[in-house]
Amino acid sequence: MDKKRALRERRWILPGTSGASCPSCQHRFWASLDPDLALGVMTEFQEKLRQQHQESMHQELQKLVSSADPKEQEISRKDLDGFEKLFHRFLQVKGPAIDWAKISGPPEDSIQPYERIRSKGLPGDIAAALDRLVVVKLNGGLGTSMGCKGPKSLISVRSENTFLDLTVQQIEHLNKTYNTDVPLVLMNSFNTDEDTKKILQKYSHHRVKIHTFNQSRYPRINKESLLPIAKTMGPGGDGEAWYPPGHGDIYASFSNSGLLDQLLDQGKEYIFVSNIDNLGATVDLFILQHLMSQPQDRRCEFIMEVTDKTRADVKGGTLIEYEERLRLLEIAQVPKSHVDEFKSVSKFKIFNTNNLWISLPAIKRVQEANALDLEIIVNPKTLDGGLNVIQLETAVGAAIKSFKNALGVNVPRSRFLPVKTTSDLLLVMSNLYSLDAGSLTMSQRREFRTTPHVKLGSSFTKVQEYLKRFENIPDMLELDHLTVSGDVTFGKNVSLKGTVIIIANHGDRIDIPAGAMLENKIVSGNLRILDH
């Protein structure tokens, strides 16, 4: 028997099946082949393996669809069809999606300074532009990282207003000021949909129409077998077995929901998309006017707001030119040997705020042509029981390469004010910011327009714990840097200036007394104030 035939007939054990073969025998066998033959047969083996994974996944997905509630079967089928396409592409990917040698900085005219766009001014009839706009907020996330249950958008962030309250107030103010009809669309996930819909009743008398649609529900994959860990789609199914597949899913789920066609029929032309926890992401009339003022045949179909990178943003995605197209480069796509280069503030000077302006007719076109080729983000997770799984995700900004006349706009840092942690929450709750019609703006009384760097320790991670540690929020108008670690509490009317570092060692407690003013101070040890 020749070596090639022997190799084909040899019993190879594939992931997810039972059986074993001797590693030393395998090693001797491969070593006995000439390199060209080994490469060819290995390629053939890998292709058969890929086909087997694909067929096995298809069978499992068919079982899952058949287990769905008959009323939900159609949407479940669409979700799993989308997942299967993503999984198929995942199996096809060989090595990094980016060839680092082909990367170059974006062309100069592809990233416009915001001031240049602002200098063009506004037209007399702003209402006409606003009537063609839809505001979309990404509302799929939970507040678990801040110790809260339910949708993150329902966390109180300022004057007892939630992220959702502030968003509704902003759009209502626009509609009243310009006598327009800008609707709000929430992209929920299966994690946030039910709780969000309950709360929407409170806005029924506000001057803003609110629509919702759900992003897809994809099955987590067992890392070893590359098969779904879910056994059923029914209500009794395991919640840990499913995940919302990142905000890049917006294009498919928006289209599948029917809402895209509905808004196009109403004459809407652009959506402004942003994360609901970015309190700087308000409707910018100058960017909207820039979009609307272009000739119809040269309309910009996609604007990504970027801003200057600081040391705190080194992991943020950036815009590059790649194969003669503007493209978003995420850290997950960067070869390990180039990660430090990617994080360089001098080479990659801007990052994506995830504030995006996208043409609705263009979304419909690329969806119908199946022309979106979003890079796959492989997100590994370990479940509570110790099982290793992977999630296949995509990013909304990665679609920039699929749209015509795409553009980056370098906006002021004030348009990027995300609240990811209680350290961020402290900033937006403080007197650094003024609240007007749902919008936060930095106080005119702050001499420097930069945001202080705040780092609160693990005792402050959960919102409930954080709130107990402040009798009220300190005066931070003159603060540059704050680090707090350990068991620390703040009395009323505390003032923080310059650089303040407060460290309570393990077992110690520091109570900052009411009325204290700390300027360029390090406080450590044990300072405890007791009631008597």
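**Exercise 1. Ser253**

Ser253 has its place in helix H9, which spans residues 250-256. The structure is a predicted model. Determine whether Ser253 is buried or exposed, and state which residues Ser253 touches beyond four places in sequence.

*Solution.*
- Step 1. The relative accessibility of Ser253 is 4%. A residue counts as buried under 20%. Ser253 is therefore buried.
- Step 2. With residues up to four places away in sequence set aside, Ser253 touches Met187, Phe213, Asn214, Gln215 and Ser216.
- Step 3. The side chain of Ser253 also reaches the backbone oxygen of Asp249, at 2.9 Å.

**Exercise 2. Helix H14**

Establish how many residues of helix H14 (residues 422-429) are buried, identify these residues, and list the elements against which they pack.

*Solution.*
- Step 1. Six of the eight residues of H14 are buried, and the helix is thus mostly covered.
- Step 2. The buried residues of H14 are Thr422, Ser423, Leu425, Leu426, Leu427 and Val428.
- Step 3. The strands they pack against are E3 (156-158), E18 (433-436), E19 (439-442), E20 (453-456) and E21 (475-485). Helix H15 (463-468) is also a packing partner of these buried residues.

**Exercise 3. Glu84**

State in which helix Glu84 is found, and which residues it contacts when neighbours within four places in sequence are left aside.

*Solution.*
- Step 1. Glu84 belongs to helix H4, residues 73-92.
- Step 2. Apart from those sequence neighbours, Glu84 is in contact with His58 and Leu61.
- Step 3. Met57 lies 27 residues from Glu84 along the chain, and the C-alpha atoms of Glu84 and Met57 are separated by 7.8 Å.

Conventions: Residues numbered from 1 in each chain as written. Predicted model: local features only at pLDDT ≥ 70, side-chain atom pairs only at ≥ 80, totals over all residues. Heavy atoms only, no water. Helix = DSSP H or I, 4+ residues; strand = E, 2+ residues; numbered from the N terminus. Contact = heavy atoms within 4.5 Å. Buried < 20%, exposed > 50% of the residue type's maximum accessible area, 1.4 Å probe, protein only. Polar contact = N/O pair within 3.5 Å; in protein donor to acceptor, adjacent residues only side chain to side chain.
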